[in-house]
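Notebook open, structure loaded. I wanted to look up a few things about cores, contacts and one glycine-sized detail, and jot them down as I went.

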Amino acid sequence: MASATAVLQSEWTKVRSVRSTVWTLVTAFAVTVAVGGGISALVTATWGDAPPADRAMFDAAQTSFSGMFLGQLALIVFGVLVIGGEYSTGMIRSSLAAVPQRGVLLAAKVAVATALALVTGMVTSFTAFFVGQAFLGQRATTLAEEGVLRAVFGAGLYMTLITMFAMGVTAMLRSPMLSLGILMPFFFLVSSILAAVPKAKEVAQYFPDQAGARIMQAVPMGDAPYGPWGGLGIMALWVVAALAGGYLVLKKRDA
Amino acid sequence: MIELEGLTKRYGDKLAVDNLTFSVRPGVVTGFLGPNGAGKSTTMRMMLDLDRPTAGSVRIDGKHYRQLDEPLKHIGALLDAKAVHGGRTAHNHLLCLAQSNRIPRARVDEVLETVGLTAVAKKRSGGFSLGMGQRLGIAAALLGDPRILMFDEPVNGLDPEGIHWIRNLMKDLAAQGRTVFVSSHLMSEMALTADHLIVIGRGKLLADTSMADFIAVNSRSFVRIRTPEPERLRDALAKAGASAPATAADGALEVEDLPAERIGELAAEHGLVLHELSPQRASLEEAFMRMTAASVEYQAGAPVPGAVPVPGAVPGGAVQQWGGSWEQRKQGKES
């Protein structure tokens with residue numbers, strides 16, 4: 001039986017020794033913070049024109065996470081490349097020859113990438129929050145306000161879970177191109193469009209990103225049948241399902 | 001020691017590997033020979049538990065691959081040179097493999113030195129030539145200092161210097177008492193490196209024999225003679241009891257059933273001038289082709305009208321039958 005720490009160490013070497021790791025994680029951070037800051041500044045500049053209803057429902061924390069819908073795409077790319085890079089290059093055969101316990105290999109890989117995504121997610125969410133609040137000026141909130149710390153912390157968890165979901169899907173599809181071709185349009189367009197269509201919304205609110213994003217709201221909005229943690233739980237179920245599927249595919253299929 | 005027992009792999013209704021049973025012993029280079037598509041790579045992937053057998057099993061030193069504790073220390077394999085992430089440096093590629101099997105970091109530099117890649121250790125392997133990629137793959141195989149080594153078509157794409165290097169490496173490894181299992185579709189390559197030979201065609205075992213036996217059984221040996229007076233020589237040979245010699249394209253005679261010494265004596269008795277008297281062996285390549293002709297996956301060219309059809313599956317190991325069908329087909333094509 002391969003030693004778990006040895007395999008974790010090996011996977012850490014793998015993930016740190018390819019360039020895509022740094023650029024995807026830095027992009028996720030930069031895009032989320034920059035877009036969040038930009039939109040916060042825009043809100044401040046146009047505050048006078050906003051209808052009173054919007055002003056009443058204003059969520060300063062969530063506004064600073066406005067960059068998340070773009071930044072998450074970079075994390076999806078990270079998740080896809082961590083798993084898919086093994087298949088597209090043929091490295092998977094070397095990896096499995098070294099660690100034939102397929103579950104151990106997948107678990108170590110997911111654990112290492114998840115740890116990186118968690119650190120990136122937390123750094124990104126807290127930075128995006130403080131940068132956003134700086135641009136919001138008078139309308140800024142603080143971590144001490146109700147629900148804000150949970151939203152900021154939750155945003156970091158959201159980024160982590162979306163990365164894990166991408167890894168699970170890629171482990172099932174075994175191809176980075178196919179995985180990106182499905183995940184990118186889904187999370188960038190399909191999910192948010194469906195969530196805006198009245199009837200489709202009933203289903204779309206259970207999509208991983210729609211359900212998970214609820215935790216980033218400090219001020220409850222909409223009529224979702226779940227709370228912030230409930231939504232994150234739904235997202236976590238998606239992640240578990242995707243990873244379980246990925247594990248089964250890895251276990252059953254020839255490499 | 002690698003032991004295969006009834007190893008079978010089926011893709012849909014196609015049998016890629018058909019009930020293979022053989023052992024690969026330590027201390028010698030065992031060649032694994034077969035035409036393209038014979039099932040060599042599939043067999044090797046099953047040995048490493050990359051592909052799951054439909055039936056049968058492989059045991060590495062008595063254990064299933066998955067039961068091996070830190071497998072790279074037991075068996076090292078070069079499957080294909082591209083089993084590498086091109087974005088990673090040669091050093092990091094080997095390091096991540098080493099770490100997973102708790103092989104000391106210093107060993108990475110050692111194997112890089114062995115395969116001659118020290119100078120490009122910090123270069124990303126995506127830019128490597130085919131030969132460098134092959135060397136990196138061999139470095140990975142050597143990493144755990146394993147007792148068993150497996151190379152799938154190791155000379156593919158190598159320059160003559162690289163081929164020479166690999167041949168010597170394999171012989172050295174076997175001389176150290178290791179089990180060396182190497183596949184090839186080139187008989188000539190095997191003849192230079194292998195001590196033992198396993199031949200497969202269409203997934204079936206056709207031969208499991210020592211190289212020396214294979215040569216003795218399969219290569220047609222004859223004596224090639226050139227003389228200005230072929231007719232007189234034919235008469236002399238006939239009188240000595242030899243069957244009628246074949247005539248080569250350049251007019252030389254080929255005698256199969258008399259040794260060169262006896263022919264020389266005959267020529268001296270009859271005062272015949274000889275320009276050449278040389279014992280020959282038909283190439284092993286020819287013997288191999290004869291053996292596998294009926295099982296070649298992709299035949300070049302369309303069937304010739306009137307040609308004798310190649311019989312389909314023939315029970316494995318029926319060497320003579322394979323040869324027979326090849327002769328028939330050859331004659332059919334020539335007619």
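Before anything else, the cut-offs I need: buried is under 20% relative accessible area, exposed is over 50%, and partly exposed is what lies in between. I also note that this is a predicted model.

**Entry 1: A:Gly233**

Is A:Gly233 buried, exposed or partly exposed? I looked up its relative accessibility and got 31%, so A:Gly233 counts as partly exposed. I then checked where A:Gly233 sits, and found it in helix H12 of chain A, residues 228-252. I also took a distance from A:Gly233 to A:Thr170: they are 63 residues apart along the chain, and their C-alpha atoms are separated by 21 Å.

**Entry 2: the cores**

Next I went for the nonpolar residues. In soluble globular proteins, nonpolar side chains tend to be buried together. Here the largest nonpolar core has 138 residues, and the members touching the most others are B:Ile2, B:Phe151 and B:Phe181. I asked which element gives this core its largest share, and it is helix H8 of chain A (residues 148-173), with 14 residues. I also found a second, separate core of 13 residues, with B:Leu258, B:Ile263, B:Ala267 and B:Leu272 among them.

I listed the neighbours of B:Phe181, leaving out residues up to four places away in sequence. Its contacts include B:Ile2 and B:Phe151, both of which I had just noted as well-connected core members. Also on the list for B:Phe181 are B:Phe22, B:Val24, B:Phe32, B:Met44, B:Met47 and B:Ile198, and B:Thr30 turns up too.

**Entry 3: chain B against chain A**

How many residues does each chain bring to the contact? I get 31 from chain B and 29 from chain A. The two chains bury about 2,600 Å² between them, with 50% of it on carbon and sulfur atoms. On the chain B side, B:Leu50, B:Arg88 and B:Gln99 lose the most area to chain A, together 22% of what that side buries.

I then searched for charge pairs across the interface, and the rule finds 1 salt bridge. The side chains of B:Lys9 and A:Asp254 meet in a salt bridge at 2.6 Å, N to O. For polar contacts across the interface I get 14 residue pairs, both partners at pLDDT 80 or more.

Last, the make-up of the chain B side. Strand E1 (2-11) and helix H2 (90-100) of chain B each supply at least two residues there, and H2(B) gives the most, with 7 residues. By type, that side divides into 11 nonpolar, 8 polar and 12 charged residues.

Note on methods:
Residues are numbered from 1 along each chain as its sequence is written. Chains are lettered from A and ligands numbered from 1 in the order in which they are written. This is a predicted model: local features need pLDDT of at least 70, side-chain atom pairs count only at pLDDT 80 or more; totals for chains, interfaces and linings use all residues. Side-chain values use heavy atoms; hydrogens and water are left out. A nonpolar core is a set of buried Ala, Val, Leu, Ile, Met, Phe, Trp, Tyr and Cys residues joined through side-chain atoms within 4.5 Å. Buried means under 20% relative accessible area, exposed over 50%, partly exposed in between (1.4 Å probe, protein chains only). Helices (H or I, at least four residues) and strands (E, at least two) are DSSP runs, numbered from the N terminus. Contact means heavy atoms within 4.5 Å. Buried area is the accessible area (1.4 Å probe) that two parts lose on being put together, summed over both. A salt bridge is a side-chain nitrogen of Lys or Arg within 4 Å of a carboxyl oxygen of Asp or Glu. A polar contact is a pair of N or O atoms within 3.5 Å; within protein, one must be able to donate a hydrogen and the other to accept it, and residues adjacent in sequence count only if both atoms are side-chain atoms. Ala, Val, Leu, Ile, Met, Phe, Trp, Tyr, Cys and Pro count as nonpolar, Asp, Glu, Lys and Arg as charged, and the others, Gly among them, as polar.
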